[in-house]
Every structure is written in structure tokens, then in C-alpha cells.
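Colleague: Can you walk me through this model? I'd like to go piece by piece.

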Amino acid sequence: MSAAGPPQGANCAPAFGGSAAAEWVNEAASVGVHMIAIDIAAADKVFPNGVRALEPVTLGVREGEFATIVGPSGCGKSTLLRMVAGLLPPSGGRVRLWPGASVSDREPARRLAFVFQSATLMAWADVERNVRLPLDLGHARVTDAARASERVERALALVGLEDFRRAYPRELSGGMQMRASIARALVTEPSLLLMDEPFGALDEITRARLDRELSELGAREALTILFVTYSIYEAVFLSTRVFVMSPRPGRIIDEVVIDEPHPRTDAFRVSPAFAQHCARLSAMLASAMENETESASS
Ligand SMILES: Nc1ncnc2c1ncn2[C@@H]1O[C@H](COP(=O)(O)OP(=O)(O)OP(=O)(O)O)[C@@H](O)[C@H]1O
Ligand SMILES: [Mg+2]
């Protein structure tokens with residue numbers, strides 16, 4: 001076995017969590033829970049090739065919310081998330097983060113991190129170096145090497161990958177690669193996490209476990225999360241609020257509040273309330289698709 005190889009039991013890393021969590025909870029607790037974190041006002045998107053990806057979208061996400069966008073493939077979910085991240089400018093309207101916070105208040109307490117659909121880890125670097133990347137690139141303004149190492153440790157502990165720091169991406173399971181990718185986002189100590197279908201490529205069992213762990217992490221760290229999925233079950237399980245999008249060009253056609261205790265547990269997944277929320281959301285999406293078909297054929 002190579003020195004860089006993973007220890008025994010590589011496929012059964014512990015859940016997100018650990019003692020590193022407590023410090024973050026304290027930091028997060030000092031952030032007001034009702035402040036608007038994301039303010040999208042009539043933001044639309046037409047790409048240079050003429051494709052209209054989004055009709056004007058207006059929505060607000062409060063700090064501490066777990067908000068999810070669901071909608072059919074191609075309806076503009078990733079486009080919307082990229083606009084929130086500042087990776088793509090809206091064609092019209094506006095997107096603001098923490099509009100009520102003073103500029104000095106936004107840093108260092110308020111930062112965003114993006115988790116992409118695939119883990120996008122550097123194949124030639126071990127887990128620790130992958131997780132450290134944002135700090136090496138100067139994100140989060142950590143210049144002190146000891147402080148950077150401390151942050152990497154904390155992020156690894158939060159996703160339960162401390163024992164796999166020397167493993168290379170090819171030596172990790174798909175779920176563990178996603179955890180490494182989430183640790184890379186957490187290392188900047190964000191208060192806003194944008195996640196684009198992060199568990200879409202995983203099997204159902206792993207996905208359900210990571211959903212549960214993410215729910216625990218979000219609640220423990222008082223994170224604001226904007227999540228994208230086309231799984232109705234995942235949306236209901238995770239979210240405090242779900243925004244439903246129409247087919248392309250996407251717009252928000254409905255909004256569902258999932259007023260259930262957080263963090264979510266496996267018991268919620270098999271509860272009558274869960275089934276009811278799923279049925280309601282499913283009907284909304286079906287009706288959105290039907291309306292679309294009717295207007296396309298008329
Ligand atoms: N850079 C681009 N240039 C032109 N068109 C684009 C570009 N990016 C996305 N689109 C188009 O915009 C629409 C929305 O794309 P987007 O990736 O946001 O959809 P999505 O809802 O995330 O879909 P999926 O669920 O399949 O990931 C699609 O029709 C897509 O082809
Ligand atoms: Mg997408």
C-alpha cells in the first residue's frame with residue numbers, strides 16, 4: 001500500500017461532525033437570523049447566443065434558511081445559482097447579497113462558497129491540498145500558515161475526512177469525494193453555501209445519508225443554504241422553503257414552506273407529513289409541465 005493510500009475502512013468514514021463544530025456555532029450565533037442573505041429582484045438572463053434561460057426572477061432568502069430550487073432540467077437553476085454567486089451577470093434586474101449589512105459587517109462574518117455538481121477535485125493532489133486550495137488562492141484572506149492549517153483541520157473534521165487527508169481523489173468513494181468538495185467550500189468559513197445538485201450522481205443510500213448530514217451541518221453552523229435539485233424528495237427532506245421553477249425559460253411559479261423541525265431525521269423521511277409535502281410539490285411540478293405543454297401546442 002502506498003504511503004498516500006487511505007486507511008482501512010475507506011468507504012465508511014464517519015458522518016459530518018465532530019468537536020470542530022462548537023466554535024463555528026458560536027461564531028454563527030452572533031449573526032442575526034432574520035437578515036436577508038440573498039435578494040434577487042427581477043433578475044433575468046438571455047445568453048449572448050440569444051437563448052433566454054430565465055424570465056425575471058424575484059426571491060429573497062433569509063439568513064439561516066435552507067432554501068431549495070426545484071425545476072425540470074434546463075429551466076435555468078444553475079444559471080440562477082451562478083448569478084447569485086456573481087459568476088454570471090444578470091441581463092436585467094439585480095442580485096444582492098446581505099443588502100442590509102454594512103460593508104464592514106460583510107467581511108469576515110459573511111462569505112459565500114459554491115459546491116458544484118461534480119466534486120471537481122485536483123486528481124494530482126491529496127485531500128488536504130484540495131481542501132486548502134481556496135486559502136492558497138487567497139480566498140478568505142488567510143495569510144497566516146498556522147491559521148490556514150487550523151481551518152483545513154476544522155473543515156476536514158466537519159465532513160469526517162480527518163483520516164483521509166493523504167488520500168488522493170481516485171482512492172475515495174463518490175460520496176467521500178463530494179465531502180472533500182464540501183470541505184473545500186467550508187474551509188473559507190462561509191455563512192452562505194450555494195450547492196448545485198451536489199449529490200445527483202450518488203446512489204440513493206449514500207445520497208440519503210449525505211442529505212441527513214448536510215441538514216445537521218446546516219443547522220449546527222447556522223448556515224444559509226441555497227440548494228438546487230430536481231429531486232422532490234431531497235427538496236422536501238432538506239428545505240425550510242422550496243421554490244418551484246417552470247420549464248425554460250424558467251421563472252418561479254410557486255413556493256412551499258416545509259415547516260418541520262430541523263435538522264431533519266430519517267423518521268421525517270417516512271412520516272405522513274413528508275409524504276404530504278412530496279405529493280403537493282409533485283403536483284405543482286406536474287401542473288407546471290402541463291401548462292407549458294399546453295402553451296407550446298396552442
Ligand atoms: N453559457 C451558455 N450559453 C448559452 N446557453 C446557455 C449557457 N448556459 C446555459 N445555457 C442554456 O440555458 C438554459 C438553462 O441552463 P441551466 O444550466 O441553468 O439549466 P438547469 O436548470 O441547471 O438544468 P439541469 O437541471 O439539467 O442542470 C439551457 O437551455 C441551457 O442550454
Ligand atoms: Mg444545472
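Modeller: Sure, here is a short tour by question and answer. One thing up front: this is a predicted model.

Colleague: How many helices and strands does the protein have?

Modeller: There are 10 helices and 9 strands.

Colleague: And what share of the residues counts as buried?

Modeller: Of the 298 residues, 39% are buried. Contacts also reach along the chain. Taking those with a separation of 6 or more, 77% join residues 24 or more positions apart.

Colleague: OK, sheets next. What is the strand order in the open sheet of 6 strands?

Modeller: The order is β5-β6-β7-β3-β8-β9. The pairing is mixed.

Colleague: Which strands sit at the edges of that one?

Modeller: β5 (112-115) and β9 (252-257) do, and each pairs on one side only. From one strand to the next, the twist averages 15°.

Colleague: Let's look at β7. How many residues of β7 are buried?

Modeller: Strand β7 covers residues 224-229, and 6 of the 6 are buried, so the rest of the structure largely encloses it.

Colleague: Which residues lie on each side of β7?

Modeller: Thr224, Leu226 and Val228 are on one side. Ile225, Phe227 and Thr229 are on the other. Both faces are covered. There is a general pattern behind that split. In a regular strand, side chains alternate between the two faces of the sheet.

Colleague: In what sense does β7 pair with β3?

Modeller: Parallel, over 5 bridges, with β3 being residues 66-70. Ile69 has Val228 as its bridge partner in β7. Ala67 has Leu226.

Colleague: And with β6?

Modeller: β6 (residues 192-196) and β7 are parallel too, over 5 bridges. There, Leu193 has Ile225 of β7 as its bridge partner.

Colleague: Leu226 came up already. What is Leu226 in contact with, beyond its neighbours within four places in sequence?

Modeller: Its contacts are Ile38, Val61, Ala67, Leu81, Val84 and Leu194. So Ala67 is both a contact and a bridge partner of Leu226.

Colleague: How many residues are in the largest nonpolar core?

Modeller: It has 70 residues. Leu226 is among those with the most contacts inside it, along with Ala155, Ala180, Ala183, Leu193 and Leu194.

Colleague: Which helix gives the most to that core?

Modeller: Helix α6, residues 174-186, which gives 7 residues. α6 lies across β5 and β6. Against β5, α6 runs at about 165°.

Colleague: Switching to the open sheet of 3 strands. What's the order there?

Modeller: β2-β1-β4, with antiparallel pairing. β2 (52-62) and β4 (92-97) are the edge strands. Each has a single partner, so one side of each has no neighbour in the sheet. Ignoring direction, neighbouring strands in this sheet are turned by 15° against each other on average.

Colleague: How many bridges join β1 and β4?

Modeller: There are 5, in the antiparallel sense, and β1 is residues 36-46. As an example, Ile40 stands opposite Val95 in β4.

Colleague: Now helix α4. How many of its residues are buried?

Modeller: α4 is residues 127-136, and 7 of the 10 are buried, so this helix is largely enclosed by the rest of the structure.

Colleague: Which ones?

Modeller: Val127, Glu128, Asn130, Val131, Arg132, Pro134 and Leu135. The list includes Glu128 and Arg132.

Colleague: What covers those buried residues?

Modeller: The cover includes α5 (145-158) and α6. After α4 comes Gly138, with a positive phi near 90°.

Colleague: What about the ligand? Which residues come nearest to ligand 1?

Modeller: Phe47, Ala53, Ser73, Ser78 and Thr79, out of the 14 residues around ligand 1.

Colleague: How does that shell divide by residue type?

Modeller: It has 5 nonpolar, 7 polar and 2 charged residues. Helix α2 (residues 77-85) gives the most to the shell, with 3 residues.

Colleague: Last one: Ala208. Where does Ala208 lie?

Modeller: In helix α7, residues 204-220. Ala208 has 17 other C-beta atoms within 10 Å, so it is partly exposed. Buried would take 20 or more.

Colleague: And how far apart are the C-alpha atoms of Ala208 and Asp266?

Modeller: They are separated by 8.6 Å, with the two residues 58 apart along the chain.

Technical notes. Residues numbered from 1 in each chain as written. Chains lettered and ligands numbered in written order. Predicted model: local features only at pLDDT ≥ 70, side-chain atom pairs only at ≥ 80, totals over all residues. Helix = DSSP H or I, 4+ residues; strand = E, 2+ residues; numbered from the N terminus. Buried ≥ 20, exposed ≤ 12 C-beta atoms within 10 Å, placed from the backbone. Contact = placed C-beta atoms within 7 Å. Core = buried A, V, L, I, M, F, W, Y, C linked by C-beta atoms within 7 Å. Near = placed C-beta within 6 Å. Nonpolar A, V, L, I, M, F, W, Y, C, P; charged D, E, K, R; others polar. Pairing = 2+ DSSP bridges. Axes fitted to C-alpha atoms, helices over the stretch in contact; angles between N-to-C directions.
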